Amino acid sequence: MCIRDRALVRAALAAPSVTHVQFLSETCIPVHTLSDTLSCLQEDTSWLDVMDRPNNGYSALRQFSRVQRPGRVLKCDQWTLLARPHAQRVLHIYDQDLALAQFRHVQAADEIFVPTALQPQPVDRVRPVKAVYVDWSISCKHPREFTHAEGPAALARARALGALFLRKVPDALDAAAWHKWLFLARTAPAAQGPAKPTGTGTVEDLRRRYPHDTITPYFERIWPEQECWRYVHTSYK
């Protein structure tokens, strides 16, 4: 969590009406209407798809191994959705210099700091779902950028996985184009998929279920192919 992010969270929480804080980039777009998005939120419940082990070499060497903290270390995506109590706790822990120093040498420290700081919270107040769908199938270093032609299918996939936002759409998208994407996404086959992937089945089953996904050689050098597919489509706790 950088100084800018911390300032933004503080500014948001200054308004008593704010119930959740969502971290987004300039290339994120919503996958639902505003009313449907709000209906997905639950009081005091955050969305964190947490893992307790590295998901690639970068994560192992630059993140987990760099934490100077005893006990369990957790990781999640940067684009988290924090309920107000959880956001307040993150800020409180961040303000403690000793706790902050434990993450000083970690790359993309917010991915590690936020879930690790929150782990004393009751698990029933954390929904294990990604609030933002990001496609890492092409590169583990940079997420896939969706063109306007790919947009409706990507939006449908994000909706099928239960996400609230899609990243990354670098080209400008106006309201008319977004509504067109949303209409097409609602009728796309991917939108009829499971709300949350189970990660079970053979490699062939997974390929049929996710025909546009590929596993990069980076992962295949670390894990067997079937393990790669199950890791990408399963939340490991």
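# A walk through the predicted model

Residue Y94 belongs to helix α4, where helices (H or I, at least four residues) and strands (E, at least two) are DSSP runs numbered from the N terminus. With a relative accessible area of 8%, Y94 is buried; this term stands for under 20% relative accessible area, exposed for over 50% and partly exposed for what lies in between, with a 1.4 Å probe and protein chains only. From Y94 to F113 the C-alpha to C-alpha distance is 8.7 Å, although 19 residues separate them in sequence.

The structure is a predicted model, in which local features need pLDDT of at least 70 and side-chain atom pairs count only at pLDDT 80 or more, while totals for chains, interfaces and linings use all residues. Residues are numbered from 1 along each chain as its sequence is written, and side-chain values rest on heavy atoms, with hydrogens and water left out. The average pLDDT of the protein, the predictor's confidence in each residue from 0 to 100, is 77, and 73% of the residues score at least 70. Over residues 191–200 the value falls below 50, and this stretch has 28 contacts in the model beyond near neighbours in sequence; a contact means heavy atoms within 4.5 Å.

The protein as a whole may be described next. Its secondary structure consists of eleven helices and seven strands. Of its 237 residues, 44% are buried. Among contacts with a separation of 6 or more, 78% are between residues 24 or more positions apart. The surface exposed by the protein comes to about 12500 Å², of which carbon and sulfur atoms supply 57%; such areas come from the Shrake-Rupley method with a 1.4 Å probe, and for residues only the protein chains shown count as cover.

In soluble globular proteins, nonpolar side chains tend to be buried together. Here the largest nonpolar core has 26 residues, and V9, L82, I112 and F113 have the most contacts inside it. A core of this kind is a set of buried Ala, Val, Leu, Ile, Met, Phe, Trp, Tyr and Cys residues joined through side-chain atoms within 4.5 Å. Two or more residues of this core come from each of α1 (3–13), α4 (84–94) and α6 (110–118). Another core lies apart from it and has 16 residues, including V31, Y133, L161 and L166.

Two members of this picture deserve a closer look. Leaving out residues up to four places away in sequence, L82 touches T19, H20, V21, F23, S46, L48, A87, V90, V114 and L118. Helix α6 has nine of its nine residues buried, so the rest of the structure largely encloses it. The buried residues of α6 include I112, F113, V114 and L118.

The strands now come into view. Strands of a sheet pair through backbone hydrogen bonds, either parallel or antiparallel. One open sheet holds three strands in the order β2-β7-β6, with mixed pairing. Because β2 (28–30) and β6 (132–134) each have a single partner strand, they stand at the edges, and one side of each has no neighbour in the sheet. From one strand to the next the twist averages 25°. Strands β2 and β7 (residues 165–167) run antiparallel and are joined by three bridges; two strands count as paired if DSSP finds at least two bridges between them. One bridge links P30 to its partner F165 in β7.

Beyond this strand the backbone shows a cis peptide bond between R167 and K168, with an omega of about 25°. K168 lies in the loop between β7 and α8 (175–187), and V169 is also placed in the loop between β7 and α8. V169 counts as buried because its relative accessibility is 5%. Beyond residues up to four places away in sequence, V169 touches T27, I29, F146 and W181. The C-alpha atoms of V169 and E145 are 5.8 Å apart, with their positions 24 residues apart along the chain.

A further loop, between α2 (34–40) and β3 (46–47), holds D44. This residue is not a glycine, yet D44 has a positive phi of about 60°. Its relative accessibility is 33%, so D44 counts as partly exposed. Setting aside neighbours within four places in sequence, D44 is in contact with A83, P85, H86 and R125. For D44 and H86, the C-alpha to C-alpha distance is 7.7 Å and the separation in sequence is 42 residues.

Conventions. Axes fitted to C-alpha atoms, helices over the stretch in contact; angles between N-to-C directions.
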